[in-house]
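The report below goes through one chain and the ligand it holds, moving from single residues to helices and then to the ligand shell. Please keep the sequence and the structure open while reading.

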Amino acid sequence: MAAFQSPHYSPQTGASSDAAQRCPIAQAPALRYKTSMDIPTFSSILITGGSSGIGRALATELAKPGVRITLTGRDQNRLNDAVQACRAKGADVKGHVLDVTDSHALAQLIDAADKARPLDLVIANAGISGGAGSDAKDADQTHRIIDINITGVINTVLPAVDAMRTHGRGRIGIVSSLAGFRGMPTAPAYSASKVAVKAWGDAIRPGLAKDGIGLSMIYPGFVESRITDANDFPMPMLMKAPRAAEIIHRGLADGKRAITFPWPMVLMMRLLSALPGPLFDALLARAPKKG
Ligand SMILES: NC(=O)c1ccc[n+]([C@@H]2O[C@H](COP(=O)([O-])OP(=O)(O)OC[C@H]3O[C@@H](n4cnc5c(N)ncnc54)[C@H](OP(=O)(O)O)[C@@H]3O)[C@@H](O)[C@H]2O)c1
């Protein structure tokens, strides 16, 4: 994004020139939008589910020379592609095939990545919606969604916190969803998993802050990925993954508690979530089920 500066502003001293001081408008504090140069650099990053969609786009967005990135995924080919894309941008990248429900393997990986270079950003992103647990009778799918989307997040965050505590700094990002504002009849297990990580993230944030660790909850609307590829209904404001990654990067760099986008969908979901139960149920009754 281009910088906008008062022409009288001195980037060295932050002071305005004499000419500027004669102009009342210029006496106002200098306005300056942040440029990519201002974004704090995360130099040791781990992203679960970095092989596809939002995780891959975020990894590519963060990749640059001097940055070390650890990516996980389940599919070796997809992971290799993502690793190559980040290496092409000059980052030092390692890919690991790993299931986030395997707490032991994930803890070992996080420990090893932190020993290689202290982690300053860990993103618990891996998730599924497959079928979205669209029926309360769909036991297998419901358990799978809960295991991956909740337990997988916990398996990522707890060892990351252990590592970051020893350094007294770091930032954790947890990918929830705008569907995590309220249990959605269109995707019961999926929305429940996203509500749960939202609640957990918000609950642990104050304790982490005491140890110098920041936590950003991430609530995307519809973003192009393998998850949305499976949806056969119109998705308002469907966003490209690289654009979503830019927004997430900016929010993480700004240390935001909540990164929500796109705003019209955020507004709509907030209004929807505030509706009385019977009205909410009636409105959602005819909405298409998530894929
Ligand atoms: N796309 C959206 O509209 C949207 C909106 C809100 C929130 N989200 C959330 O964003 C996150 C990323 O999803 P996405 O949309 O980018 O979908 P995606 O393209 O399907 O990517 C999901 C990623 O998670 C990985 N993954 C899934 N299950 C895993 C497991 N058990 N162990 C390890 N890795 C696993 C996948 O690995 P493989 O490639 O190896 O399968 C892949 O890298 C999810 O938490 C999702 O709920 C997405």
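Ala274 counts as exposed, because 10 C-beta neighbours lie inside 10 Å and a residue with 12 or fewer is classed that way. This residue is found in helix α10, and its C-alpha atom is separated by 9.6 Å from that of Phe181, although the two are 93 residues apart along the chain. The model is a predicted one, and every value here is computed from it.

**The chain as a whole**

The secondary structure comes to eleven helices and seven strands. Of the 291 residues of the chain, 38% count as buried. Among contacts between residues at least 6 apart in sequence, 67% join residues at least 24 apart, and the pair Ala274 and Phe181, at 93 residues apart along the chain, also brings together positions that are separated in sequence.

**Helix α7 and the residue that follows**

Helix α7 (188-210) has 23 residues and reaches 35 Å from its first C-alpha to its last, which is close to the 33 Å expected at 1.5 Å a residue. The helix carries a kink of about 35 degrees at Ile204, shortly before the proline Pro206. Its buried residues are Pro188, Ala189, Tyr190, Ser191, Ser193, Lys194, Val197 and Gly201, and what covers them includes α6, β5 (170-175) and β6.

Leu208 is also found in α7, but this residue is partly exposed, because 19 other C-beta atoms lie within 10 Å, whereas a buried residue needs 20 or more. Not counting residues up to four places away in sequence, Leu208 touches Val161, Ile213 and Leu215.

Just after α7, Gly212 takes a positive phi of about 80 degrees. Gly212 is found in the loop between α7 and β6 (213-220), and counts as exposed because of its 12 C-beta neighbours inside 10 Å. Leaving aside neighbours within four places in sequence, Gly212 is in contact with Gly168 and Arg169.

Both Leu208 and Gly212 have a C-alpha distance to Gly170, and the table sets these pairs beside that of Ala274.

| Pair | Separation in sequence | C-alpha to C-alpha distance |
|---|---|---|
| Gly212 and Gly170 | 42 residues | 7.0 Å |
| Leu208 and Gly170 | 38 residues | 9.7 Å |
| Ala274 and Phe181 | 93 residues | 9.6 Å |

**Helix α4**

Which side of a helix is buried can be followed residue by residue in α4 (residues 76-87), which has twelve residues and reaches 16 Å from its first C-alpha to its last, close to the 16 Å expected at 1.5 Å a residue. The buried residues of α4 are Leu79, Ala82, Val83 and Cys86. They cover an arc of only 100 degrees around the axis, which puts them on the same side of α4. An α-helix has 3.6 residues a turn, so residues three or four places apart point the same way. The buried residues of α4 pack against α3, β2 and β3 (92-97), while on the other side of the helix Asn77 and Gln84 are exposed.

**Two backbone features in loops**

Met237 has a positive phi of about 60 degrees although it is not a glycine. Met237 is found in the loop between α8 and α9 (241-253), and counts as partly exposed because 13 C-beta neighbours lie inside 10 Å.

The peptide bond from Phe261 to Pro262 is cis, with omega near -10 degrees. Pro262 is found in the loop between β7 (258-261) and α10 (263-274), and α10 is the helix in which Ala274 is found.

**The shell around the ligand**

Which residues come nearest to the ligand? Of the 31 residues around the ligand, these are Gly49, Gly53, Gly127, Ser177 and Ser225. The residues of the shell divide into ten nonpolar, 16 polar and five charged.

Four elements each supply at least two residues of the shell, namely α3 (53-62), β2 (68-73), α6 (139-167) and α8 (226-229). Some of these elements have appeared above in other roles: α3 and β2 are packed against by the buried residues of α4, and α6 is among what covers the buried residues of α7. Helix α8, in turn, comes before the loop in which Met237 is found.

Notes:
Residues are numbered from 1 along each chain as its sequence is written. This is a predicted model: local features need pLDDT of at least 70, side-chain atom pairs count only at pLDDT 80 or more; totals for chains, interfaces and linings use all residues. A residue is near a molecule or strand if its C-beta atom, placed from the backbone, lies within 6 Å of it. Ala, Val, Leu, Ile, Met, Phe, Trp, Tyr, Cys and Pro count as nonpolar, Asp, Glu, Lys and Arg as charged, and the others, Gly among them, as polar. Two residues are in contact if their C-beta atoms, placed from the backbone, lie within 7 Å. The expected span of a helix is 1.5 Å times one less than its number of residues. The bend at a residue is the angle between axes fitted to the seven residues ending there and the seven starting there. The arc is that of the directions from the helix axis to the C-beta atoms.
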